[in-house]
Amino acid sequence: MLSFRCDYAEGAHPEILKRLTETNFEQLDGYGNDPYTRSAKRKILEACNCPEGEVHLLVGGTQTNSTIIAAMLADYEGAVSVQTAHINVHEAGAVEYTGHKVLTLPQHHGKMDAGELEAFLAASAADPNKDHMVWPGLVYISLSTEYGTIYTRAELAELQAIAHKYDLPLFIDGARLGYALASPACDFTLADLAGLCDVFYIGGTKVGALCGEAVVFTKKAPKHFFTTIKQHGALLAKGRLLGVQFDTLFTDNLYGRIAANAIDRAQEMIAVLKEKGIPFFLETPTNQQFVILENNYMEALSSKVGFDIWEPYDATHTVVRFATSWATTPQKIQQLRELL
């Protein structure tokens, strides 16, 4: 069945599979102590223009989020996010499971408002009962957001300034970072991003890799971060699997080139949806598009094409998400046109 349900339905880019096959019988040390992982880390730091930074390769997004937050927070601290943040909605309480509460703010098409963040942090600092409360210890946002939206460079700078004013780090979940950077609406580069936050990760799972996320600390990682990764089940014994993949993704800008494909196909999809008169709930500049379908039509269509049910719109309509990926072809967009 034709599927636009998510951006990780396909396996991996052919270049990655080729390199994994070519290196398959090499005998290499485990846990990331192999030349491909070292090469990948070097290439990533160069792409980020972050020579003082530190890179770690982890197995998946949920493990990455919970590991970073656990490593950066004290026992009595929580992560500040918007209500629709992945750590608050779609990770089965993984952050709370590690002992850290998620402190939520309102969302604005998936984004955090800097004024609301400052008001929350100021109120927390001034609360006479603050010693009895969970202390804000980190600010978490996503690029792109759960609604496919992108922060501007100015918005990121403002969030970072407010977080630092209250001595908090800014953490950017980059599970879909490639698609954000590839969008014409994005006004910053990967190198710029390293100066706009304290830690972020470059998502591989959703952007061409079989699995894996590359965490970038813009300075140094928290003490014993490697051990924390292992505690959280995010460390591969066969670290080469991640090293080869990210070394390939960061050779000849493969990561950027394949992410751009998703954006190009998304623009074609937008045109098709408008051509068919399907109303948008939210038209975004990235690979995720949100439309409103009448429920009976939605049920009929779901037998022919996959999409993600997002939220109720009213008694007879539902908001659904269509997502393109690094592997989506123009032919699949044409098939969607015919099915619609």
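Here are some worked exercises on a predicted model, going through its two sheets, the helices against them and one loop residue.

**Exercise 1. Which strands stand at the edges of the open sheet with the order 9-10-13-12, and what does that leave them without?**

Step 1: Start with the layout. This open sheet has four strands, and the pairing is antiparallel.

Step 2: Read off the ends. Strand 9 (280–282) and strand 12 (308–312) each have a single partner strand, so one side of each has no neighbour in the sheet.

Step 3: Add the twist, which averages 35° from one strand to the next.

**Exercise 2. Walk across that sheet and say how many bridges join strand 9 to strand 10, strand 10 to strand 13, and strand 12 to strand 13.**

Step 1: Strand 9 and strand 10 (residues 288–294) run antiparallel and are joined by two bridges. If you want a pair to click on, F280 has V291 of strand 10 as its bridge partner.

Step 2: Move on to strand 10 and strand 13, again antiparallel, with seven bridges between them. Here I292 is partnered by V319 in strand 13.

Step 3: Finish with strand 12 and strand 13, an antiparallel pair with four bridges. I309 sits opposite V320 of strand 13. These two strands make a hairpin, with four residues between them.

A reminder for reading bridges: strands of a sheet pair through backbone hydrogen bonds, in either a parallel or an antiparallel way.

**Exercise 3. Is strand 13 largely enclosed or left open by the rest of the structure, and which helix lies across it?**

Step 1: Count the buried residues, using under 20% relative accessible area as the cut-off. Six of the seven residues of strand 13 are buried, so the rest of the structure largely encloses this strand.

Step 2: Look for the helix. Helix 12 lies across strand 13 (317–323), and also across strand 9 and strand 10. Its direction is at about 20° to strand 10.

**Exercise 4. At roughly what angle do the axes of helix 12 and helix 14 cross, and which residues make the contact?**

Step 1: Take the axes of helix 12 (residues 254–275) and helix 14 (residues 330–339). They come within 10 Å and cross at roughly 15°.

Step 2: Classify the angle. Angles under 35 degrees count as roughly parallel, and helix 12 is therefore roughly parallel to helix 14.

Step 3: Give the hand of the crossing: right-handed.

Step 4: List the contact. Helix 12 brings R265, E268, M269, V272 and E275, while helix 14 brings P330, I333, L336 and R337. By class, that's five nonpolar, four charged and no polar residues.

**Exercise 5. In the sheet with the order 2-8-7-6-5-3-4, is the pairing mixed or antiparallel, and where are the edges?**

Step 1: There are seven strands in this open sheet, and the pairing is mixed.

Step 2: Strand 2 and strand 4 are the edge strands, each with a single partner, so each has one side without a neighbour in the sheet.

Step 3: Ignoring direction, neighbouring strands are turned by 25° against each other on average.

Step 4: See what makes up the mix. Strand 3 (residues 77–82) and strand 4 run parallel, joined by four bridges, and S81 has T104 of strand 4 as its bridge partner. Strand 2 (residues 54–58) and strand 8, by contrast, run antiparallel with five bridges. One spot to look at there is V55, opposite V216 in strand 8.

**Exercise 6. What covers strand 8: how many of its residues are buried, and which helices lie across it?**

Step 1: All five are in: five of the five residues of strand 8 (residues 213–217) are buried, so this strand is largely enclosed by the rest of the structure.

Step 2: Split them by face. E213, V215 and F217 are on one side, with A214 and V216 on the other.

Step 3: Check the other partner. Strand 7 (residues 199–203) runs antiparallel to strand 8 over five bridges, with I202 opposite A214.

Step 4: Add the helices. Helix 2 (residues 35–47) lies across strand 2, strand 7 and strand 8, at about 125° to strand 2. Helix 3 (residues 61–72) lies across several strands including strand 8, and runs at about 170° to strand 7.

**Exercise 7. Where does D113 lie, and which residues is it in contact with beyond its neighbours within four places in sequence?**

Step 1: D113 is in the loop between strand 4 (102–105) and helix 6 (114–126).

Step 2: Its relative accessible area is 34%, so D113 is partly exposed.

Step 3: Setting those sequence neighbours aside, D113 contacts H108 and L159.

Technical notes: Residues numbered from 1 in each chain as written. Predicted model: local features only at pLDDT ≥ 70, side-chain atom pairs only at ≥ 80, totals over all residues. Heavy atoms only, no water. Axes fitted to C-alpha atoms, helices over the stretch in contact; angles between N-to-C directions. Parallel < 35°, antiparallel > 145°, perpendicular 65-115°, else oblique. Left-handed = near helix turned anticlockwise from the far one by under 90°. Contact = heavy atoms within 4.5 Å. Nonpolar A, V, L, I, M, F, W, Y, C, P; charged D, E, K, R; others polar. Pairing = 2+ DSSP bridges. Buried < 20%, exposed > 50% of the residue type's maximum accessible area, 1.4 Å probe, protein only.
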